[in-house]
Amino acid sequence: MSDSVNTPEVPQASPGGEHHPGESVRHSRAKGEPRFPDGPRADPAGSHFERRIRSFQPRRSRVTAGQADALQRLWAKWGLDIDGHPVDLAELFGNDRAVVLEIGFGMGEATAQMAAADPDTDILAVDVHTPGQGNLLNLADHNGLTNVRVANGDAIILLREMLPADSLDGLRVYFPDPWPKKRHHKRRLIQPEFLDLAATRLKPGAVVHCATDWEPYAEQMLEVLTAHPDFENTRADGGFAPRPEFRPLTRFEGQGLDKGHVVNDLLFRRVQHRVPQGSPQDVRRGDH
């Protein structure tokens, strides 16, 4: 997961008007001037200042000319600002296929690979890392991936306020910030409260897939997911799962493995909705 916020410098053409691949150029903006007039907004849910865990951590970074071009050209077509307004996923994607939410996609290479390998599944990829947003849009455009949409902002607001119940067929959280210091563990995304929210948006049978190379966080993920009544481990032994073939081995992950890091995958299934005792459904079941 890429934990960041939209605070990059905006690239412009080099002297002479040329753009060079990978180029990042400083540019002074007038106060109040948007970084990308036709691209993602810097603070799409500005009224939602809350004292709570967010799905990201601010970080400053730069945008290349190619990434900025993709943001300008493609945001209106394939971008979504997380502003708290309800979204119709069928309208967003232009179809009624299964939708998987990915929280934190870094530079988007793995997301693009998964989208290409499974064109019948739509991927709503959420991040606030502007270079990654531009890079994923570029990859989708270059490879003709019409099943990818890039969302900009806090995934908690997206889940809580914008998506209807039972609207998602899967949730992916790959390599989120581990917050290694003990006093920061409360900032980790995979917590009971987050799972409570996610469960309301996931269809029964939908799979939550997490991956991390931080073993203490993997253990906490396993403990929290195992204890949650709305999820069950897809592993009969109740442990970690091997990396499924559909999750690409990223460059970041490969570097970690070369250093001896252990990567753990967790795949938990959303169970059928629980029926309160004494409800009409519960009574009918008891009569048969």
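The following questions and answers concern a predicted model.

Colleague: In which order do the eight strands of the open sheet stand?

Modeller: The pairing in this open sheet is mixed. From one strand to the next, the twist averages 25°. The order of the strands is β1-β4-β3-β2-β5-β6-β8-β7.

Colleague: Which are the edge strands?

Modeller: An edge strand here pairs on one side only. In the order of the sheet, β1 and β7 stand at the two ends. The edge strands are therefore β1 (79-81) and β7.

Colleague: In which sense do strand β5 and strand β6 pair, and over how many bridges?

Modeller: Strand β5 comprises residues 168-174, and strand β6 comprises residues 202-212. Within this pair, L168 stands opposite L202 in β6. The two strands pair in the parallel sense, over six bridges.

Colleague: Which strands does helix α7 touch?

Modeller: Helix α7 (residues 215-227) packs on the sheet. Its direction makes about 15° with that of β8 (264-270). The strands that α7 touches are β6, β7 and β8.

Colleague: At about what angle to β4 does helix α4 run?

Modeller: Helix α4 spans residues 130-143. This helix lies across β3 (121-127) and β4 (148-152). Its angle to β4 is about 165°.

Colleague: Is N233 buried or exposed?

Modeller: N233 lies in strand β7 (residues 231-233). Its relative accessibility is 17%. Buried means under 20%, so N233 counts as buried.

Colleague: Which backbone oxygen does the side chain of N233 reach?

Modeller: The side chain of N233 reaches the backbone nitrogen of R235 at 2.9 Å. Leaving aside neighbours within four places in sequence, N233 is in contact with several residues, among them L222, L267 and F268. At 3.2 Å, the N233 side chain also reaches a backbone oxygen, that of G238.

Colleague: Why do the buried residues of helix α8 lie on the same side?

Modeller: In helix α8 (residues 251-258), E253, G254 and G256 are buried. They lie on the same side of α8 because the arc that they cover around the axis is only 160°.

Colleague: Which exposed residues does the face of α8 turned away from its buried side carry?

Modeller: The buried residues of α8 are E253, G254 and G256. The face turned away from that buried side carries the exposed residues R251 and D258.

Colleague: Which backbone nitrogen does a side-chain oxygen of T250 reach at the start of α8?

Modeller: After α8 comes G260, whose phi is positive, near 90°. At the start of the helix, a side-chain oxygen of T250 reaches to within 3.0 Å of a backbone nitrogen, that of E253.

Notes: Residues numbered from 1 in each chain as written. Predicted model: local features only at pLDDT ≥ 70, side-chain atom pairs only at ≥ 80, totals over all residues. Heavy atoms only, no water. Helix = DSSP H or I, 4+ residues; strand = E, 2+ residues; numbered from the N terminus. Buried < 20%, exposed > 50% of the residue type's maximum accessible area, 1.4 Å probe, protein only. Polar contact = N/O pair within 3.5 Å; in protein donor to acceptor, adjacent residues only side chain to side chain. Contact = heavy atoms within 4.5 Å. Arc of directions from axis to C-beta. Axes fitted to C-alpha atoms, helices over the stretch in contact; angles between N-to-C directions.
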